[in-house]
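Colleague: Before accepting the descriptive terms used for this structure, I should like to hear the grounds for each of them. May we take them one at a time?

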Amino acid sequence: MGIVKWARPRRWSILAEAVLLVATALVVWPLAVQVEEGPEPVRVVTAYLEALRDKDVERAEEYVSEDYAFDADRSWLTPEAMSADWEIESVELKSASETTVHVTLTSAGHRADGAFNLESDDEDNLLITNPYVYLQTQGGILSTVEIGERSAEIARVEGYPQAVALYPGFYPLFASVAGFEDGASLFALPGSHGPYYYGETIDLDRLMSIPLRENAAVEAALNEQFAAWLDECAESAVAAPEGCPFSAGYDYAALHDGMEDYEEVSDLDWTVGAYPVVRLSPELRLEVVEPGWMGLSGKGIVGYEDREEVAIDSRCGVDVGNVSATIGTDGAVALTLFDETWNSCY
Amino acid sequence: MPTTEDLPTRTRREGLRVGWLALFAVLSLIPLNVWHHVREPDSPEEVVAAFMEAVRDKDLDEAFGYVDSGIPAGPDADFLHPDAISEWDLLEVYEIAGMKWENLVRVTIGTEDGTASGVFKVYEFEGEYTIADPFQSVSLTATSYLSVQVNDRVVAAEPDSNWINWYSGQVRRTVELLPGVYSFFGGEPVALLGYQEEPIGVVVPPPAPGGDTAVQLQAAVNEYLDACVEYRVEAPTGCPFATDGQVDTSDRVRMDRVEDAAWTIEEYPVATAVPGTGLYEEPVLLVEFTEPGRLTLEGTGTADFDTRETFTAACRFGGGLLHLVTDVDGSLRVAPLGTAVDDTCRGTE
């Protein structure tokens, strides 16, 4: 058997097939890439969102422009504080503008539509100018915030609460607070709550006002805390129990009951006359539904001339306006005084 | 007749045939692509005409593709929706002036009620034409509604923490629209088109009282007052009754330094809605009481500044503090407006 040579037609056939394959690849490949990844701005935003989904801060920040960043608390821009519980539904250019990329994210029945702005840096890299959502609170009851799985006190600069910078994502809010286990949430995405052009600040107090006021467990906890606090304070035997929301103390006498000044008081005994009923106002401060009062009995000397010892039998109001309610890192509500309590007797 | 050809050769030929077919299929995309480019508008007039036709046909994705600027997102895009676009005809599109990079195109649209014209700016960049921000911003003053209605689309106003925040939101509720003909809350249609420098202001009057408005109003007022008397304080927030700390008892004794207040409604006021002006001079329906009703204030006070005693005093309801708003389902609600009353007890028999 001799050497087998290729027949001429077969050789041409193989060559033609090879050329055909290369030509097809050359035509299809760029089209396939274009269809799969879209234009450059879409690729950048998709890459940013995918980095967030992977909780890869370093990779995400490669797509971020710092030129428009707000002065904010960046301690939440960490893998521990990020949310990956969401899906990318679409990333697209809707208009002829290549600087605005529209995004739709979803998460278990929730949906957010928003948009990112992009601009080129000095090296022609496209960067996102509104990569974060900012949360702002006045600090009152929300002096501590729980976003996703992280709970921390709001950072302050010269006493003023700083805004929290947050990566886009779906975040349960205050999940440790009774009644909020499946309740409040925030789908953070630039443009989904308001204008997206230069970064978006969300008023957290406003966002949480209705959920907190509609949370019966929070209202019950506030009233229970208040009652327990008054019971504890009632054990005091002084005119102005320290750290309590009522007082018979007076600068010009040992005790003032709203009518008379007393000196050399003794046997003071506080009792709870009526526990206050409180709820949260729309501004998330405590408001009185039913005022509370404390009974005060004892003895004291009244008058400047006769200096007669008389029995004290007085009422002192519970100064709810001086009480601050806060939610702690453990999700429990706590009551503290804004300031020293002034005389509240009448 | 059995073939003498080897099987591998046959397979290769068939593969080659499939390959040719694939190549033709791919190459056929090229003329399609060319055709697509040929069809794309390549003059300012054509791009504006294509944009307006897409809007008229409610094909928003197509329309947005001709826009130079970004598209509003989230709540700002609530009314960039087919339901918010009404029927109109595109009558005329022609270029009125042109510069190298900016062209002006006049558009006329019409309905059976009339015609309207506007001028769009068209930019040119590397042979492509795009329309400069064609969106129509409308600043609605709609303080008598808990929703916004544009043509057939109704969107509930987002719940706000309190009535004041809600009110300030509804005083200047900016909505972004595509060019077209719009009716707000069923009012007179207005044509909005052309490049816009400033938002257009539209003040929406309160709805005209209907057949059962009086019944609904009274029920809403009663419900509102029931919630008010739950608060045992001297001046419940947003409520049309209060004591300033001095009351005259039924025995005509002046009591001072009122504490331990508790309110009881004896007789609801008779409410009626009257046209008035809101905090921003906009038309609203104020709640007025044609009969002031009656409520009792119980509490403690002092007549001699020496002893404290319980008292009962007669009080009435004051009007002018409340106004009517229509919820998204058409039901009526009562909302506070303006400053609270100081005292509605002294002088009440």
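Modeller: Certainly; please bear in mind that this is a predicted model. Let us begin with H6(B), which has 16 residues and reaches 22 Å from its first C-alpha to its last.

Colleague: What makes that span close to the expected one for H6(B)?

Modeller: At 1.5 Å a residue, 22 Å is expected. The expected span is 1.5 Å times one less than the number of residues. The reach of H6(B), 22 Å, is therefore close to expectation.

Colleague: Why is Glu223(B) called exposed?

Modeller: Glu223(B), which lies in helix H6 (residues 213-228) of chain B, has 12 other C-beta atoms within 10 Å. A residue is exposed if that count is 12 or fewer, so Glu223(B) qualifies as exposed. Glu223(B) is carried on the face of H6(B) turned away from its buried side, together with Val215(B), Asp226(B) and Ala227(B).

Colleague: How do you know that the buried residues of H6(B) line one face of the helix?

Modeller: The buried residues are Leu217(B), Ala220(B), Val221(B) and Leu225(B). Seen down the helix axis, they fall within an arc of 130°, so they line one face of H6(B). These residues pack against S13, strand S14 (270-277), strand S15 (283-291), strand S18 (322-326) and strand S19 (332-336) of chain B.

Colleague: Turning to chain A, what makes S20(A) and S21(A) a pair?

Modeller: Strands pair if at least two bridges are found between them. S20(A) and strand S21 (residues 333-337) of chain A have five bridges, in the antiparallel sense, so they count as a pair. Ile327(A) stands opposite Val333(A) in S21(A). In the hairpin of these strands, with five residues between them, Gly331(A) takes a positive phi near 90°.

Colleague: How do the side chains along strand S20 (residues 323-327) of chain A alternate?

Modeller: Val323(A), Ala325(A) and Ile327(A) point to one face and are buried, whereas Ser324(A) and Thr326(A) point to the other and are not. In a regular strand the side chains alternate between the two faces of the sheet.

Colleague: Why are S14(A) and S19(A) called edge strands?

Modeller: The open sheet of four strands in chain A has the order S14-S15-S18-S19, with antiparallel pairing. Strand S14 (255-256) and strand S19 (308-317) of chain A each pair on one side only. Within that sheet, eight bridges join strand S15 (residues 261-274) to strand S18 (residues 293-302) of chain A, and Val272(A) has Met294(A) as its bridge partner in S18(A).

Methods. Residues numbered from 1 in each chain as written. Chains lettered and ligands numbered in written order. Predicted model: local features only at pLDDT ≥ 70, side-chain atom pairs only at ≥ 80, totals over all residues. Helix = DSSP H or I, 4+ residues; strand = E, 2+ residues; numbered from the N terminus. Buried ≥ 20, exposed ≤ 12 C-beta atoms within 10 Å, placed from the backbone. Arc of directions from axis to C-beta. Contact = placed C-beta atoms within 7 Å.
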